[in-house]
Amino acid sequence: DDQFLYVAFRVPDSDIASPFQGRDSRLWEADVVEIYLDPGSDGKDYLELQVAPTGEIFDALFTSRRTPPWEEAAPNFTIDMVARVSIDGTLNIAGDTDRSWTVEVAIPWAQIPGMSGPPTTDTTWSVNLYRLDQTFHAAWSPAGNDYHNLPQFGRVVFVTSPPPGSDTPPPPAPT
């Protein structure tokens, strides 16, 4: 919408766990989902956003690939994103039967570097989405062994949606 970029994950998981507490903790060392956004698709001023099944958030702004180090990038940047987590199972109880967890995130356009509102039609961003678990890692666009491998990110092209109730389909995506 005009205020937020929305991202959602549904995460099948038979053992939902994260011991980390506090903003900008090392969430990637347990169950977590990650969102990388590079609005200029230039490897500069890109965001790394993470949400754990506990609802804890990690947010960092990098000015170029892995610069500054995350220990500086995270505490020096805070985005007012809203993350809601729903768990089908139990958190941090080993040996029981967990099924999945769901994360819904609202990221304010105005707090994304270089943005004051939503992108215009046909704007392309480099984006990647990750799922980290104690036993495996998965990516929307495989980036090798480096989650900050921005040239390997997928591309998202923004289009204008028709007004609610309109029968006009959106324009076709560029090929």
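These exercises walk through the cores, pockets and a few single residues of one predicted model.

Residues are numbered from 1 along each chain as its sequence is written. In this predicted model, local features need pLDDT of at least 70 and side-chain atom pairs count only at pLDDT 80 or more, while totals for chains, interfaces and linings use all residues.

**Exercise 1. Describe the largest nonpolar core.**

Step 1. Start with the term. A nonpolar core is a set of buried Ala, Val, Leu, Ile, Met, Phe, Trp, Tyr and Cys residues joined through side-chain atoms within 4.5 Å. Buried means under 20% relative accessible area, exposed over 50%, and partly exposed in between (1.4 Å probe, protein chains only).

Step 2. Count the members. The largest core holds 26 residues. L37, I107, I112 and W125 have the most contacts inside it.

Step 3. Find the elements. Two or more residues each come from β1 (4-12), β2 (32-38), β3 (46-51), β6 (100-108) and β7 (124-132). Strands are DSSP runs (E, at least two residues), numbered from the N terminus.

Step 4. Look for a separate core. Another one, of 17 residues, lies apart and includes F20, A74, L132 and A143.

Step 5. Recall the general trend. In soluble globular proteins, nonpolar side chains tend to be buried together.

**Exercise 2. Trace the contacts of I112 and P39.**

Step 1. Fix the cut-off. Contact means heavy atoms within 4.5 Å.

Step 2. Take I112. Beyond its neighbours within four places in sequence, I112 contacts L37, P39, L47, I79, I107 and W125.

Step 3. Move to P39. This proline sits in the loop between β2 and β3. Is P39 buried or exposed? P39 has a relative accessible area of 12%, so it is buried.

Step 4. List its partners. Not counting residues up to four places away in sequence, P39 touches D45, I112, P113, T124 and W125.

Step 5. Add a distance. P39 and G165 are 126 residues apart along the chain, and their C-alpha atoms are separated by 30 Å.

**Exercise 3. Examine S25 and D59.**

Step 1. Place S25. It lies in the loop between β1 and β2. S25 counts as buried because its relative accessibility is 14%.

Step 2. Follow its side chain. The side chain of S25 reaches the backbone oxygen of G22 at 2.7 Å. Leaving aside neighbours within four places in sequence, S25 is in contact with F20 and F58.

Step 3. Place D59. It belongs to strand β4. D59 has a relative accessible area of 0%, so it is buried.

Step 4. Find its side-chain partner. A polar contact of 2.7 Å joins the side chains of D59 and R23. Such a contact is a pair of N or O atoms within 3.5 Å; within protein, one must be able to donate a hydrogen and the other to accept it, and residues adjacent in sequence count only if both atoms are side-chain atoms.

Step 5. Widen the view. Not counting residues up to four places away in sequence, D59 touches residues including R23, D24, E48, L49 and F77.

**Exercise 4. Describe the two largest pockets.**

Step 1. Define a pocket. On a 1 Å grid over the protein atoms alone, where a 1.4 Å probe fits, a pocket is an open set of points with protein on both sides within 12 Å along at least five of seven lines; lining residues have an atom within 4 Å of a point.

Step 2. Take the largest pocket. About 340 Å³ of space lies in it. Of its 14 lining residues, D1, W109, P118, F158 and V159 are the closest to its centre.

Step 3. Take the second largest pocket. Its volume is about 200 Å³. Its lining has 13 residues, with W28, Y36, E48, R66 and H148 nearest its centre.

Terms used
Side-chain values use heavy atoms; hydrogens and water are left out. Helices (H or I, at least four residues) and strands (E, at least two) are DSSP runs, numbered from the N terminus. Grid points are joined across faces, edges and corners, and a volume is the space filled by probe spheres set on the points.
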